[in-house]
Amino acid sequence: MHLRGSLFTALLLTGLFVPFSSHAVPQASITVEQVSGKSLGSWVLLSGNGTTHSSTDPGVNNSSYSFGLTDFGPVTITALPPNGMSAKISIFRGGELVKTLVLPQYSFTLYPNDTYRFLVQYSLSRLGTVGLTSDPSGVRFRMKGRGTRTYSGVTPFTVKNVPSGSYSVLMSAPEGCFQPRPHTAVITPDTRIAVHVTINCTKNQSGSTVQRIRPTKRSLVDYAEQREFNSRGTRK
């Protein structure tokens, strides 16, 4: 019995006795980097089994983020550019450049121990032009889009190099005129659109009938923005 115990101790100390077999789980490494001169977009990586990783997940650095995957097989990465911008994806595998795509999406097959790095570059390339006029002219306006700068000026006015997308146009009515409702301008790449607003400056006649319409939530928000816009102009 003493001999068996001594032999067991000797084998354990020399590392020749391994009671359990342990193996590291193979995984692949993914790094996603985003670069832009203006604003960054977002990205989503979708595995074949439905698992997703996204730049909007908690704790993810939108500029550069690395993580491991144990779900192998078909994978798709999609870049979501900001308003009016395009995406170019450079794909590196094992440190070597594999492909560069002027597309927001790339599909590939992921294998154990793979190392991928995706460099997503955004640039302003989807630009358009909008001309803003009003009757009467000389009216202050504000044009606001999602994720872009706010444009303002006095009609007639032409705004060039506007990122494509949907914009809300607010015009401030001259004194004695009715406040016009907000208008929508949809900018498309390499095109010029026109937005013309006719402002009613006719006084109400006595005894006229006014149709009352129940306001919607969107109209109340637009009304609040319009009042704020008008009040800033009055304080100037």
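**View 1. E33 of β1 meets S64 of β4.** In this predicted model, look for S64 in β4: that residue is the bridge partner of E33. The two strands, β1 and β4, run antiparallel to each other and are joined over six bridges. If you are finding your way along the chain, β1 covers 28–36 and β4 covers 64–69.

**View 2. The five-stranded sheet around β1 and β4.** Stepping back from the E33 bridge, you meet an open sheet with the strand order β4-β1-β9-β6-β7. Its pairing is mixed. At the edges stand β4 and β7 (96–101), each of which pairs on one side only. From one strand to the next, the twist averages 20°.

**View 3. The largest nonpolar core.** This core brings together 23 residues, and those touching the most other members are I30, L45, L110 and F118. At least two core residues come from each of β1, β2 (42–47), β4, β5 (73–80), β6 (85–93), β8 and β9. L45 makes a handy starting point for a closer look. Beyond its neighbours within four places in sequence, L45 is in contact with I30, T51, T52, H53, F67, L69, V75, T76 and I77. Another core, of 19 residues, lies apart from this one, and its members include F141, Y151, V159 and V195.

**View 4. The aromatic cluster of Y106, F108, Y116 and F118.** Ring pairs link these four residues into a cluster, and the model has nine aromatic pairs in total. Y106 and F108 are a stacked pair, because their planes meet at 15°, under the 30 degrees that stacking requires; their ring centres are 5.6 Å apart. Y106 has a relative accessibility of 12% and F108 one of 7%, so both fall under the 20% cut-off and count as buried.

**View 5. Y106 reaches across to F118.** Here the ring pair is tilted, with 6.4 Å from centre to centre and 55° between the planes. Y106 belongs to β8 (residues 105–110) and F118 to β9 (residues 115–124), so their pairing ties together parts that are 12 residues apart in sequence. Both Y106 and F118 are buried. You have met F118 before: it is also one of the residues that touch the most other members of the largest nonpolar core.

**View 6. R117 over the ring of F92.** Here a charged side chain sits by an aromatic one: R117 lies over the face of F92, at 4.6 Å from the ring centre.

**View 7. The four-stranded sheet and its S168–T184 bridge.** Now turn to an open sheet in which the strands follow the order β12-β11-β14-β15, with antiparallel pairing. The edge strands are β12 (150–154) and β15 (183–187); each has a single partner strand, so one side of each is left without a neighbour in the sheet. The twist here averages 25° from one strand to the next. Zoom in on β14 (residues 165–171) and you will see an antiparallel pairing with β15 over five bridges. S168 has T184 of β15 as its bridge partner.

**View 8. The whole chain, for orientation.** To place the close-ups, note that the protein chain has two helices and 16 strands. Of its 236 residues, 31% count as buried. Among contacts with a separation of 6 or more, 65% are between residues 24 or more positions apart.

Notes: Residues are numbered from 1 along each chain as its sequence is written. This is a predicted model: local features need pLDDT of at least 70, side-chain atom pairs count only at pLDDT 80 or more; totals for chains, interfaces and linings use all residues. Side-chain values use heavy atoms; hydrogens and water are left out. Two strands pair if DSSP finds at least two bridges between them. Axes are lines fitted to C-alpha atoms, for helices over the stretch in contact, and angles run from 0 to 180 degrees between N-to-C directions. Rings of Phe, Tyr and Trp (its six-membered ring) pair if their centres lie within 6.5 Å; planes under 30 degrees apart count as stacked, over 60 as edge-to-face and the rest as tilted. Buried means under 20% relative accessible area, exposed over 50%, partly exposed in between (1.4 Å probe, protein chains only). A charge sits over a ring if NZ of Lys or CZ of Arg is within 6 Å of the ring centre and within 35 degrees of the ring normal. A nonpolar core is a set of buried Ala, Val, Leu, Ile, Met, Phe, Trp, Tyr and Cys residues joined through side-chain atoms within 4.5 Å. Contact means heavy atoms within 4.5 Å.
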